[in-house]
Amino acid sequence: MTCFLVAVVSAAPVGILALGDRVFFLVDILHQHLAWNAIINRVLLLNPGHVPCLNPYSSCGTALWADPQMQLLYPPSLLYRLFDTPMALYLFMALHFSIGA
């Protein structure tokens with residue numbers, strides 16, 4: 001019961017942000033996390049049946065599958081493929097806060 005209450009309390013700020021029209025951005029989330037997920041979405045949109053091995057938008061082609069910061073194979077990052085970016089960010093953060101609590 002205590003773990004559930006801690007999870008609810010820790011996820012409450014994210015839920016409040018999700019209901020409002022403001023988004024709490026950190027610099028890394030804005031400049032890296034969202035940009036990399038936008039790149040993955042763009043690559044998947046151009047050719048849905050094929051995910052390339054390289055990210056063509058970074059340093060003349062860097063590893064897409066092997067880069068841990070791209071989070072291509074990280075299961076919670078699938079939220080960015082299913083929802084629009086602001087809602088996916090809310091759900092991504094809420095999921096991590098609730099798991100971490």
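Which residues does Asn37 touch, not counting residues up to four places away in sequence? In this predicted model, Asn37 touches Ser77, Tyr80 and Arg81, and the views below follow the surroundings of these residues.

**Figure 1. Overview of the protein chain, which has 4 helices and 2 strands.** Read along the sequence of this predicted model, the elements follow the pattern α-α-β-β-α-α. Of the 101 residues of the chain, 25% count as buried, and the accessible surface comes to about 6900 Å², with 71% of that surface belonging to carbon and sulfur atoms. Among contacts between residues at least 6 apart in sequence, 45% join residues at least 24 apart.

**Figure 2. Close-up of Asn37 in helix 2, which covers residues 27-46.** Asn37 counts as buried, because its relative accessibility is 2% and the cut-off for a buried residue is under 20% relative accessible area. The side chain of Asn37 makes a polar contact with the side chain of Arg81, at 3.2 Å. Besides Arg81, the residues touched by Asn37 include Ser77 and Tyr80, when residues up to four places away in sequence are not counted.

**Figure 3. Close-up of Ser77 in the loop between strand 2 (62-63) and helix 3 (79-82).** Ser77 is buried, its relative accessible area being 0%. The side chain of Ser77 reaches two backbone oxygens, that of Gln71 at 2.7 Å and that of Tyr74 at 2.6 Å. When neighbours within four places in sequence are left aside, Ser77 is in contact with Asn37, Gln71, Leu72 and Phe92; Gln71 is thus listed among these contacts and also supplies a backbone oxygen to the side chain of Ser77.

**Figure 4. Close-up of Leu72, another residue of the loop between strand 2 and helix 3.** With a relative accessibility of 14%, Leu72 counts as buried. Not counting residues up to four places away in sequence, Leu72 touches Ile40, Val51, Leu64, Trp65 and Ser77. The C-alpha atoms of Leu72 and Trp36 are separated by 9.4 Å, and the two residues are 36 residues apart along the chain.

**Figure 5. Close-up of the aromatic cluster formed by Tyr74, Tyr80 and Phe92.** The count of aromatic pairs comes to 2. In one of these, Tyr74 and Phe92 are edge-to-face, with 6.4 Å from centre to centre and 75° between the planes. This pair links distant parts of the chain, since Tyr74 lies in the loop between strand 2 and helix 3 whereas Phe92 lies in helix 4 (residues 85-100), 18 residues apart. Tyr74 is partly exposed, with a relative accessible area of 34%, while Phe92 counts as buried at 9% relative accessibility. The rings of Tyr80 and Phe92 have their centres 5.5 Å apart and their planes at 55°, so this pair is tilted, the angle falling neither under 30 degrees, as for stacked planes, nor over 60, as for edge-to-face ones. The pair of Tyr80 and Phe92 also links distant parts of the chain, with Tyr80 in helix 3 and Phe92 in helix 4, 12 residues apart. Tyr80 counts as buried, at 3% relative accessibility.

**Figure 6. Close-up of helix 4 and its buried residues.** The 16 residues of helix 4 should span 22 Å at 1.5 Å a residue, and the end C-alpha atoms are 22 Å apart, so the two values agree. The buried residues of this helix are Ala88, Leu89, Tyr90, Phe92 and Met93. An α-helix has 3.6 residues a turn, so residues three or four places apart point the same way. Phe92, one of the buried residues of helix 4, belongs to the aromatic cluster with Tyr74 and Tyr80, and Phe92 is also in contact with Ser77.

**Figure 7. Close-up of the cysteines Cys53 and Cys60, in a structure where the search finds 0 disulfides.** Cys53 is exposed, with a relative accessible area of 57%, and Cys60 is likewise exposed, with a relative accessible area of 83%. Both residues count as exposed because these values lie over the 50% cut-off.

Notes. Residues numbered from 1 in each chain as written. Predicted model: local features only at pLDDT ≥ 70, side-chain atom pairs only at ≥ 80, totals over all residues. Heavy atoms only, no water. Buried < 20%, exposed > 50% of the residue type's maximum accessible area, 1.4 Å probe, protein only. Polar contact = N/O pair within 3.5 Å; in protein donor to acceptor, adjacent residues only side chain to side chain. Contact = heavy atoms within 4.5 Å. Phe/Tyr/Trp six-rings, centres within 6.5 Å; stacked < 30°, edge-to-face > 60°. Disulfide = S-S within 2.5 Å. Areas by Shrake-Rupley, 256 points an atom, 1.4 Å probe, with all protein chains shown as cover. Expected span 1.5 Å × (residues − 1).
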